[in-house]
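This report walks through one structure for a reader who has not met it before. Please keep the sequence and the 3D view at hand while reading.

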Amino acid sequence: MEHPNQARKSNGAGEVDLRRVSVARIDDYLLGGAHNFAVDRELAEQAVRLMPQLPRLVQTNRAFLGRAVRYLVECGVSQFIDLGSGLPTAGNAYDVAKRATSAARVVHVDADPMVVAHSRCMVEGPNSAIIQADLREPDSVLDDPTTRKLIDLNRPVGLLMLFVLDFVPYAEDLVALIARYRERMAPGSHLVVSHSTVDGGDDTFARAQELYRSYAIEIYPRTRGEVSSLLAGFELAEPGVVQVPHWRAVGSESSESGPAEDIDEQPEHAGAYAVVGRRP
Ligand SMILES: C[S@@+](CC[C@H](N)C(=O)[O-])C[C@H]1O[C@@H](n2cnc3c(N)ncnc32)[C@H](O)[C@@H]1O
């Protein structure tokens, strides 16, 4: 039988299909948020049974967002574009950036109209906005009137791609796509990526992938080498490509400050890579 996710490709903000799962609402549920439906919880709970570390993974990713944004502010970046921003459940990019600098400006971007509608009242303000766009179309993101109003591409910008490239099929040339963003970013700009992987894991991720697929959501994990290649043309910030909890974790050699919010007892089990690069 056709799953509602396959049956309804268009999910306009005014016609939310309660039978259709949303990766943003699943994350919201895993983060303890209230913007999710029964179908999202049903999938999330099955996924957690397969991968008990899943809520931790989502939380460590949000903590990485915080550390990365604060690091970029230390590097002189105060404007950010958050691609695939999801629901602003716990510490969205603007929340974090405005705590780090009063000059913060953030454009959140998501392809899902439900996410955009829900986020609007939470992130819209003089220095923060959300637009609906597909990250695979860099010009429509960067030339959107809202982006142009808030972001000056002649100055360094932080481009955030956290747990979003995981939904872009292998057939897409991600290296070429990111190069199109890089070409329009001023020197001193930074790219921040987190991405799921099956490196070093057993078959649990594959079973979780199968589960998501049964709800018509395809996930594309990538290897360390593939994630590294996304940073072509960027200088890697220390400590390079590492599991998410290891990126400038408190107490590590590459970290100078920050609360101890996401140290995992077994970080090698995190199942996702984090990396930050600077455009020279
Ligand atoms: C798993 S959530 C990640 C949210 C947030 N970045 C984080 O790290 O917690 C992925 C988000 O990316 C969005 N998304 C997926 N494909 C996209 C695309 N091609 N363009 C823009 N957004 C996309 C989804 O709608 C969803 O809100």
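## A network of charged side chains

At 33% relative accessibility, Asp 143 counts as partly exposed. In this predicted model, the side chain of Asp 143 meets that of Arg 148 in a salt bridge, with N and O 3.1 Å apart. Arg 148 itself counts as exposed, its relative accessibility being 55%. This pair does not stand alone, since salt bridges that share partners join Asp 139, Asp 143, Arg 148, Arg 180 and Arg 184 into one network.

Within that network, the side chains of Asp 139 and Arg 184 also meet in a salt bridge, at 3.2 Å from N to O. The pair links distant parts of the chain, with Asp 139 in helix H7 (residues 138-142) and Arg 184 in helix H9, 45 residues apart. Asp 139 has a relative accessible area of 36% and is therefore partly exposed, and Arg 184, with 26%, is partly exposed as well.

## A salt bridge within one helix

A search of the whole structure finds 14 salt bridges, and another of them joins Lys 98 to Asp 95, where the closest N and O atoms are 3.7 Å apart. Both residues lie in helix H5, three residues apart, which is about one turn of the helix. Lys 98 counts as partly exposed at 42% relative accessibility, and Asp 95 is likewise partly exposed, with a relative accessible area of 23%.

## A buried acid without a partner

Side chains of opposite charge can pair when their charged atoms come close. What, then, is the nearest side chain of opposite charge to Asp 166, and how far away is it? It is Arg 222, at 6.4 Å, and Asp 166, although buried, has no salt bridge. A salt bridge requires the nitrogen and the carboxyl oxygen to be within 4 Å, so a separation of 6.4 Å does not qualify.

Asp 166 is placed in the loop between strand S4 and helix H9 (174-184). Leaving aside residues up to four places away in sequence, Asp 166 touches Ser 194, His 195 and Ser 196, and also Glu 218, Ile 219, Tyr 220 and Arg 222.

## The nonpolar cores

The largest nonpolar core holds 45 residues, and among these Phe 64, Phe 80 and Val 276 touch the most other members. Several elements each supply at least two residues of this core, namely the helices H2 (23-30), H3 (38-50), H4 (54-74), H5 (93-100) and H10 (204-214), together with the strands S4 (158-162) and S8 (272-278). Of these, H4 gives the most, with 10 residues.

A second core, separate from the largest one, has 33 residues, including Leu 165, Met 185, Leu 191 and Leu 230.

## Around the ligand

The ligand is surrounded by 20 residues, of which the closest are Asn 61, Arg 62, Gly 84, Asp 110 and Leu 162. Two of the closest residues come with a stated distance to an oxygen atom of the ligand: a polar side-chain atom of Asn 61 lies 2.7 Å from one, and a polar side-chain atom of Arg 62 lies 2.9 Å from one. From Leu 135, by contrast, it is a polar backbone atom that is involved, 2.9 Å from a nitrogen atom of the ligand.

Methods
Residues are numbered from 1 along each chain as its sequence is written. This is a predicted model: local features need pLDDT of at least 70, side-chain atom pairs count only at pLDDT 80 or more; totals for chains, interfaces and linings use all residues. Side-chain values use heavy atoms; hydrogens and water are left out. A nonpolar core is a set of buried Ala, Val, Leu, Ile, Met, Phe, Trp, Tyr and Cys residues joined through side-chain atoms within 4.5 Å. Buried means under 20% relative accessible area, exposed over 50%, partly exposed in between (1.4 Å probe, protein chains only). Helices (H or I, at least four residues) and strands (E, at least two) are DSSP runs, numbered from the N terminus. Lys and Arg count as positive and Asp and Glu as negative; His and the chain ends are not counted. Contact means heavy atoms within 4.5 Å. A residue is near a molecule or strand if one of its heavy atoms lies within 4 Å of it. A polar contact is a pair of N or O atoms within 3.5 Å; within protein, one must be able to donate a hydrogen and the other to accept it, and residues adjacent in sequence count only if both atoms are side-chain atoms.
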